[in-house]
Amino acid sequence: MITPRTRRTRHTPALLACVLIAALAGCADTDAKKPTEALGTKGIAPPPAKLKKAAPAVPAGLPGMPPVLDPKDVYAADRPNQLSPVVKGFPSRVYVPNTKSNTVSVIDPKTYKVTETIPVGIQPQHVVPSWDLKTLWVNNNRGHTLTPIDPATGVAGKPVEVHDPYNLYFTPNGKHAIVMASMDRELVFRDPHTMNRVKTVPVSCAGVNHADFSADGRYFIVSCEFSGELLKVDTEKMKVIGQQKLPFQGAMPQDVKISPDGKTFYVADMMAHGMWVLNGEKFPTPKLMPTGKGAHGLYISRDSKEMYVPNRGEGSISVFDFAKDKLTKKWHLPDGGSPDMGGVSADGKVLWLSGRYDSEVYAIDTTTGRQLARIPVGGGPHGLAVYPQPGRYSLGHTGIFR
């Protein structure tokens, strides 16, 4: 006979076993909803994921400068029709300064017609978008003024007195405007809104006229047209930190542009008939890449793959491929011409260039190189601006956007 005490005694091992199994294997009904875990695996780290190659470090920029979007492409913000909210309501126009007529011709790019002619100061050289994208400044070189144009309305404002404004740039942080005072032999740092003088930097070279900034904005390279020299300038210190004579007798450097990857500067030279290839960091003697007679401007395609080089002396445009590091095409204008300064349309489909000695403007298809239009304007058309263009801010000239 099995007594209750005996029954409890005989069942105790089984009960203990069940409790132990439940604890270890999660077999109790009350634990059915809890996640299970195989015995002995708790605390073991999962197998390591495949390591990804580290992305290139974004360079530390000039204090106050908008962050670099892509360390591999300083023009990443300039993709087709990627317009800033600041300019989205502005009508698309081409503004052409006529140095001999003292006017700005305004072209509607849809009709290829001049819609307006704006009187400005004496010898307007370039139309320059401001850093904040809100104003177009006309550089009246011999009139010693800057004429502001509201790109929303096309109305010109009251001229601002500025001595010898051959060209105009803006520091990447928007803190200063930089006037290229060519005949005065000065780089003049000014307030970007009032244009009041902040600091004057005398230079020993002749004809400072064009520039571009490093990827981090901490320095910029300047071309000196009349003495055939290049300068390297510290942006924050507002000080010349390098100077060299180009290795070509009679060199006349013009436009300056940095490569998308930020490693190389290119400088067009109208007498060396090509462009100088320069390492901006080390600032060694650059090498010459022939393009064509009278190489003048430098303009980047909207996909950052190519650069257009107008050769003013032969009426052609050379096309440079960044990946291949060589010239791949040359487009010749029908009946010749004198292609000079300009810019690329917001959609990237049209290259606009002034015909400096022919009182005309050229519209060129960037896919085929075909001339789309040849538009009569005033005398001596020079640094025309296509506006608006994609980008977050302007570094100046006829539109260098980042």
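Two strands count as paired here if DSSP finds at least two bridges between them. Keep that in mind for the exercises below, which all work on a predicted model.

**Exercise 1. A hairpin**

Work out how many bridges join β23 to β24, and in which sense the two strands run.

*Solution.* Start with the residue ranges: β23 covers residues 316–321 and β24 covers residues 326–332. Next, count the bridges: there are six, and the strands run antiparallel. The cut-off of at least two bridges is therefore met. For a concrete register point, take S318, whose bridge partner in β24 is K330. Finally, look at the turn: four residues sit between the strands of this hairpin, and D325 has a positive phi near 55°.

**Exercise 2. An open sheet**

Find the strand order of the four-stranded open sheet and say which strands sit at its edges.

*Solution.* Walk across the sheet and you get β13-β14-β15-β16, with antiparallel pairing. The edges are β13 (208–213) and β16 (239–245), as each of them pairs on one side only. On average, neighbouring strands in this sheet are turned by 25° against each other, ignoring direction. Now zoom in on one pair: β13 and β14 (residues 219–224) are antiparallel and share five bridges. One handy anchor is F213, which has F220 as its bridge partner in β14.

**Exercise 3. The disulfide**

Locate the disulfide, give its handedness, and decide whether its two cysteines are buried or exposed.

*Solution.* Searching the whole structure turns up one disulfide. Its partners are C205 and C224, with sulfur atoms 2.1 Å apart. That passes the cut-off, which asks for sulfur atoms within 2.5 Å. The torsion about the S-S bond is about -50°, so this disulfide is left-handed. As for placement, C205 is in the loop between β12 (197–202) and β13, while C224 is in strand β14, so the bond ties together parts 19 residues apart in sequence. For burial, the cut-off is under 20% relative accessible area. C205 comes in at 1%, so C205 is buried. C224 is at 0%, so C224 is buried too.

**Exercise 4. Backbone oddities**

Where are the positive phi values of N81 and H144 found, and which peptide bond is cis?

*Solution.* Take N81 to begin with: its phi is near 60°, which is positive even though the residue is not a glycine. N81 is in the loop between α1 (4–25) and β1 (93–98). Its relative accessibility is 48%, so N81 counts as partly exposed.

Then comes H144, another non-glycine, with a positive phi of about 55°. H144 is in the loop between β5 (136–140) and β6 (145–150). With 25% relative accessibility, H144 counts as partly exposed.

For the cis bond, go to the step from Y387 to P388, where omega is near 0°. P388 belongs to the segment after β29 (385–387).

**Exercise 5. A surface patch**

Which residues form the nonpolar patch that includes F248, and what is their accessible area together?

*Solution.* The members are F248, M271 and L288, and together they have about 220 Å² of accessible area. To place one of them, check F248: this residue lies in the loop between β16 and β17 (253–258). Patch residues need over 30% relative accessible area. F248 has 32% relative accessibility, so F248 counts as partly exposed.

How values were computed:
Residues are numbered from 1 along each chain as its sequence is written. This is a predicted model: local features need pLDDT of at least 70, side-chain atom pairs count only at pLDDT 80 or more; totals for chains, interfaces and linings use all residues. Side-chain values use heavy atoms; hydrogens and water are left out. Axes are lines fitted to C-alpha atoms, for helices over the stretch in contact, and angles run from 0 to 180 degrees between N-to-C directions. Buried means under 20% relative accessible area, exposed over 50%, partly exposed in between (1.4 Å probe, protein chains only). Patches are made of residues with over 30% relative accessible area and no salt bridge: like charges are joined within 9 Å, nonpolar side chains (Val, Leu, Ile, Met, Phe, Trp, Tyr) within 5 Å. Accessible areas come from the Shrake-Rupley method with a 1.4 Å probe; for residues, only the protein chains shown count as cover. A salt bridge is a side-chain nitrogen of Lys or Arg within 4 Å of a carboxyl oxygen of Asp or Glu.
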